[in-house]
Amino acid sequence: MWKGLTDRLSELLGRFRGKGRISQEELDNWLRDVRRALLEADVSLSVCRHLVSQIGERARTPDVLEHPAPLRRLSQILYEELVRILGEKVSPVTWAPRPPTIWLLMGLQGSGKTTTAGKLASLYKKQGRKPLLVPADLKRPAASEQLRQIAEQVGVAFFPPDSQDLSRLCQRALRDAQDQGWDLVIVDSAGRMHSDEALMEELAQLKRLLQPHESLLVLDATTGQDAVRLAESFDSRIGLTGVILTKLDSDARGGAVLSVTFVTGKPVKFIGTGEHLQDIDLFHPDRMAARILGMGDVRGLLERVEQIASPEIEKIERRLEKGTFGLDDLLVQLREMRKIGPLDRLLSLLPGLGGFRSQSLTIDEKSLKRTEAIILSMTPEERRNPEIISGSRKKRIARGSGTTVQQVNELLKHFKMMRDTMKRLAKAKVSDEAIVRLLTGMR
Ligand code: GDP
Ligand code: MG
């Protein structure tokens, strides 16, 4: 999925790969192309406008344009703005203070309502809840039979519809839930090919009868802007608490995901990612943004990106430019890197650096610890100015860090090499790629 948009965006970021400083004109051209890429992915016009103007506003500063490695800044801005458009945070589902919790699923026929009801039951059964699946489609007996089979498959309770009257059906289902201790009632409502007044009236009635804690619209993500319009009309007519996007495993172009929350103000709560009953996930705006940018679906990605942009690293970058990089900086850098995790992960966070991704580099934890111990055994003076470290000082440092003089020598040699290269690079304007090459050579 996303292939079109993802490829296009990383291609666009690639334009600034290895580049130090960007002109206003280059930025404007770039923004225009980003906007076009979004429109081609069926993202709604208002979202395109908003995204591009936010990104432009944040990028059009000397801090970004004149940064020695603007690609990283730009990638980060793009990522953060995507996260914001997608709703920023995970939107938790609502539970009743006293069970049962009632969730009403709505949507057009074929959107994935019945499947999603089963998926939710399966997901929360695993978490110790006792779901009851209730079919509220009285006109199509086949629909209730499908739900019954899914309930059986998942191993959860099913409420057999025993009445043609919606109000009686709801009452009995809720009473059954209370009597039997089913604490999560999931109601699968009737669908139609198109939304019409009769359907809306029926759903509005159902909502009045059930007083659900969640009123969720199930939307087929492959329908793009149509899904967004549908969400608007359901929300204004019935009132939604959230949206579930299905079929994100297929060739959805991104339009629905990127537009629905911004346009309707309603959060996406779950996504369906396949036909099987386990193919459901809570919606994480940060992970989705990472996915759209082709960064992979890395858990906790946001934290890592924040660490990359940590003030410590930025300080180091500035010192790098000035050529005043010391062993203290190396120490900070090593620690930051360890926080971030394996280097290949770090690299995959920088979308312009796709080529490095395959190398799968990891930093050896043991040698990291050793390096850290050696640096910590040095005096502040020695760290700033390693030239003064004589033979007797080396012996003291080796003893203090539980290493050998040879290992201290190795580190010092490596550090000097690194610093010299960095000085040269700083003069030639440091590019992201160069920094990465340096870091990867550092083992
Ligand atoms: P309903 O009419 O809204 O109840 O839709 P169904 O639950 O019967 O689903 C319609 C079709 O979409 C079925 O073939 C499902 O297997 C399929 N479907 C539902 N959710 C997903 C999903 O997340 N991914 C894929 N690929 N197919 C899905
Ligand atoms: Mg159905």
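These are my notebook entries on strand 6, its neighbours and the nonpolar cores of a predicted model.

**Entry 1: burial of strand 6.** I began with strand 6, residues 242-246, and asked how many of its residues are buried. I found that 5 of the 5 are, so the strand is largely enclosed by the rest of the structure. I then recalled that in a regular strand the side chains alternate between the two faces of the sheet. Checking each face in turn, I noted Gly242, Ile244 and Thr246 as buried on one side, and Val243 and Leu245 as buried on the other, which leaves both faces of strand 6 covered.

**Entry 2: the strand before it.** Next I looked up how strand 5, residues 214-220, is joined to strand 6, and I counted 5 bridges between these two parallel strands. Within this pairing I located Leu219 opposite Leu245 of strand 6. Following the chain from strand 5 to strand 6, I passed through helix 10, residues 225-237, and recorded a right-handed β-α-β crossover.

**Entry 3: the strand after it.** On turning to strand 7, residues 268-272, I found that it runs parallel to strand 6 and is joined to it by 3 bridges. Here Val243 is the residue that stands opposite Val268 of strand 7. The connection includes helix 11, residues 255-264, and I noted that strand 6, this helix and strand 7 form a β-α-β unit that is right-handed.

**Entry 4: Val228.** I picked out Val228 in helix 10 and asked whether it is buried or exposed. Its relative accessible area is 3%, and because the cut-off for burial is under 20%, I entered Val228 as buried. Setting aside neighbours within four places in sequence, I listed its contacts as Ala256, Ser259, Val260, Val263 and Thr264. I also looked up the C-alpha separation between Val228 and Leu258, which is 9.8 Å for residues 30 apart along the chain.

**Entry 5: Leu245 and the cores.** Which residues does Leu245 touch, not counting those up to four places away in sequence? I wrote down Leu219, Ala221, Ala256, Val257, Val260, Val268, Phe270, Ile271 and Gly272. Leu245 appears again in the largest nonpolar core, which has 80 residues and in which Trp30, Phe234 and Leu245 have the most contacts. Helix 5, residues 70-85, gives the most to this core, with 8 residues. I noted further that the core draws at least three residues from each of domain 1 (3-86) and domain 2 (101-292). Finally, I recorded a second, separate core of 23 residues, with Ala121, Leu123, Leu184 and Leu277 among them.

Conventions:
Residues numbered from 1 in each chain as written. Chains lettered and ligands numbered in written order. Predicted model: local features only at pLDDT ≥ 70, side-chain atom pairs only at ≥ 80, totals over all residues. Heavy atoms only, no water. Buried < 20%, exposed > 50% of the residue type's maximum accessible area, 1.4 Å probe, protein only. Helix = DSSP H or I, 4+ residues; strand = E, 2+ residues; numbered from the N terminus. Pairing = 2+ DSSP bridges. Right-handed = clockwise from strand over helix to strand, strands pointing away. Contact = heavy atoms within 4.5 Å. Core = buried A, V, L, I, M, F, W, Y, C linked by side-chain atoms within 4.5 Å. Domains from an automatic or database assignment.
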